[in-house]
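Welcome! Work through the exercises below with the structure in view, and try each task before you read its solution.

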Amino acid sequence: MPRHELYEEDGTIEKETCPRCGDAFLADHGDRLHCGRCSYTEWQ
């Protein structure tokens, strides 16, 4: 996904951030959200 598609019109970011790291985005893998920095995973 191109970086510009992550932003809303008002400049906010629509991706979820990691609750552990705080500044890392969670990657959406369909059945889970995953942080590449600390390996935090949320199953959907």
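**Exercise 1. Getting the overall picture**

Find out whether E14 is partly exposed or buried, and then describe how the chain as a whole is built.

*Solution.* Keep in mind that this is a predicted model. Start with E14: its relative accessibility is 46%. Partly exposed covers the range between under 20% for buried and over 50% for exposed, so E14 counts as partly exposed. Next, zoom out to the 44 residues of the chain, of which 16% are buried. Now look at the secondary structure: there are zero helices and three strands, which gives the pattern β-β-β along the sequence. Finally, the C-alpha atoms fit a box of roughly 30 × 20 × 15 Å along the principal axes.

**Exercise 2. The surface around E14**

Work out which residues join E14 in a negative surface patch, and where E14 sits in the chain.

*Solution.* First, gather the patch members: E5, E8, E9 and D10 form the negative patch together with E14. Then place E14 along the chain: it belongs to the segment before strand 1, and that strand spans 27-28.

**Exercise 3. The annotated region**

Locate the zinc finger region recorded in UniProt and describe the span it covers.

*Solution.* Step one is the record: an unreviewed UniProt entry lists "zinc finger region: C4-type" at residues 18-38. Step two is the geometry of that span: its end C-alpha atoms are 9 Å apart, and its content is 0% helix and 24% strand. Step three is the "binding site" annotation, also from an unreviewed UniProt entry, which names C18, C21, C35 and C38. These four are spread over 21 residues of sequence, yet they cluster in space, with a largest C-alpha distance of 8.8 Å. Step four picks out one of them, C21, which lies in the segment before strand 1. With a relative accessibility of 25%, C21 counts as partly exposed.

**Exercise 4. Finding the salt bridges**

How many salt bridges does the structure hold, and which residues form them?

*Solution.* The count is two. Take the pair R37 and D23: their closest N and O atoms are 2.7 Å apart. R37 is in the loop between strand 2 (32-34) and strand 3 (41-43), while D23 is in the segment before strand 1, so this pair ties together parts 14 residues apart in sequence. Both R37 and D23 are exposed.

Now turn to D31 and R32, whose side chains meet in a salt bridge with an N to O distance of 3.0 Å. D31 has a relative accessibility of 38%, so it counts as partly exposed. R32 has a relative accessible area of 26% and is partly exposed too.

**Exercise 5. A backbone angle to notice**

Where does S39 lie, and what is its phi?

*Solution.* Begin with the location: S39 is in the loop between strand 2 and strand 3. Next, read the angle: phi of S39 is near 70°, a positive value in a residue other than glycine. Why look twice at such a value? Because most residues other than glycine have a negative phi.

To finish, relate S39 to A27, which lies in strand 1. The two are 12 residues apart along the chain, and their C-alpha atoms are separated by 11 Å. A27 has a relative accessibility of 29%, so it counts as partly exposed.

Key:
Residues are numbered from 1 along each chain as its sequence is written. This is a predicted model: local features need pLDDT of at least 70, side-chain atom pairs count only at pLDDT 80 or more; totals for chains, interfaces and linings use all residues. Side-chain values use heavy atoms; hydrogens and water are left out. UniProt positions are given in the numbering used here, feature names are shortened, and annotations may be inferred rather than shown by experiment. Helices (H or I, at least four residues) and strands (E, at least two) are DSSP runs, numbered from the N terminus. Patches are made of residues with over 30% relative accessible area and no salt bridge: like charges are joined within 9 Å, nonpolar side chains (Val, Leu, Ile, Met, Phe, Trp, Tyr) within 5 Å. Accessible areas come from the Shrake-Rupley method with a 1.4 Å probe; for residues, only the protein chains shown count as cover. A salt bridge is a side-chain nitrogen of Lys or Arg within 4 Å of a carboxyl oxygen of Asp or Glu. Lys and Arg count as positive and Asp and Glu as negative; His and the chain ends are not counted. The place of a charge is taken as NZ of Lys, CZ of Arg, CG of Asp or CD of Glu. Buried means under 20% relative accessible area, exposed over 50%, partly exposed in between (1.4 Å probe, protein chains only).
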